[in-house]
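New to this one? Here's a quick tour to read alongside the structure itself.

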Amino acid sequence: MDYEMRNIKDFLQLYNRITDMCFNSCVDNLFGRDLTREEISCADNCVSKFTNVNQRLLQVYMGVQTDINQRRMTEMEAQQAKLLAEAQQQQQQQQATAETASPVAASTEAAVA
């Protein structure tokens, strides 16, 4: 449900921006009830240009975002491999420490007995 509400909100924000921008650019006066031919043509061109630019930006963004996601995945995989290697190294060090401590402990116990 949040995703749908977010999409509606994004659409309404975009619609409001286009309306505001094109109205401010195209409507010269508020004396008449109807738009002039020039104002209608200007508004059509404004909306068309805005829509085309927005579509092109989204296409570029999608291409760039794919590359960014791929780099992030590679970085995360490398980080996971590094953490796994460090954990294995720590485990080996603990085993080596335990093995070297065992003969010392055994000889100490034998000497005490």
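**The pocket and what surrounds it**

Arg6, Asn7, Asp10, Phe11, Gln13, Leu14 and Arg17 line the largest pocket. Keep in mind that this is a predicted model. The protein chain has 2 helices and 0 strands, and just 6% of its 113 residues count as buried.

**More on the pocket**
- The volume of the largest pocket comes to about 210 Å³.
- Sort its lining by class and you get 2 nonpolar, 2 polar and 3 charged residues.
- Rolling a probe the size of a water molecule over the atoms shows where empty space is left.

**Helix α1**
- Helix α1 covers residues 2–26, which makes 25 residues.
- From first C-alpha to last, α1 reaches 36 Å, close to the 36 Å expected at 1.5 Å a residue.
- Which residues of α1 are buried? They are Ile18, Cys22 and Cys26.
- An α-helix has 3.6 residues a turn, so residues three or four places apart point the same way.

**The nonpolar core**
- The largest nonpolar core has 5 residues in all: Ile18, Cys22, Cys26, Cys46 and Phe50.
- Two elements, α1 and α2 (37–112), give two or more residues each to this core.
- The largest share of this core comes from α1, with 3 residues.
- As a bit of background, nonpolar side chains in soluble globular proteins tend to be buried together.

**The loop between the helices**
- Look for Asn29 in the loop between α1 and α2.
- Why does Asn29 count as partly exposed? Because its relative accessibility is 41%, and partly exposed covers what lies between under 20% (buried) and over 50% (exposed).
- Asn29 and Glu39 are 10 residues apart along the chain, and their C-alpha atoms are separated by 9.8 Å.

**The outside**
- The protein chain exposes about 10,400 Å².
- Carbon and sulfur atoms supply 56% of that exposed area.

Methods. Residues are numbered from 1 along each chain as its sequence is written. This is a predicted model: local features need pLDDT of at least 70, side-chain atom pairs count only at pLDDT 80 or more; totals for chains, interfaces and linings use all residues. Side-chain values use heavy atoms; hydrogens and water are left out. Helices (H or I, at least four residues) and strands (E, at least two) are DSSP runs, numbered from the N terminus. Buried means under 20% relative accessible area, exposed over 50%, partly exposed in between (1.4 Å probe, protein chains only). Accessible areas come from the Shrake-Rupley method with a 1.4 Å probe; for residues, only the protein chains shown count as cover. On a 1 Å grid over the protein atoms alone, a cavity is a set of points where a 1.4 Å probe fits but cannot get out, and a pocket is an open set with protein on both sides within 12 Å along at least five of seven lines; lining residues have an atom within 4 Å of a point. Grid points are joined across faces, edges and corners, and a volume is the space filled by probe spheres set on the points. Ala, Val, Leu, Ile, Met, Phe, Trp, Tyr, Cys and Pro count as nonpolar, Asp, Glu, Lys and Arg as charged, and the others, Gly among them, as polar. The expected span of a helix is 1.5 Å times one less than its number of residues. A nonpolar core is a set of buried Ala, Val, Leu, Ile, Met, Phe, Trp, Tyr and Cys residues joined through side-chain atoms within 4.5 Å.
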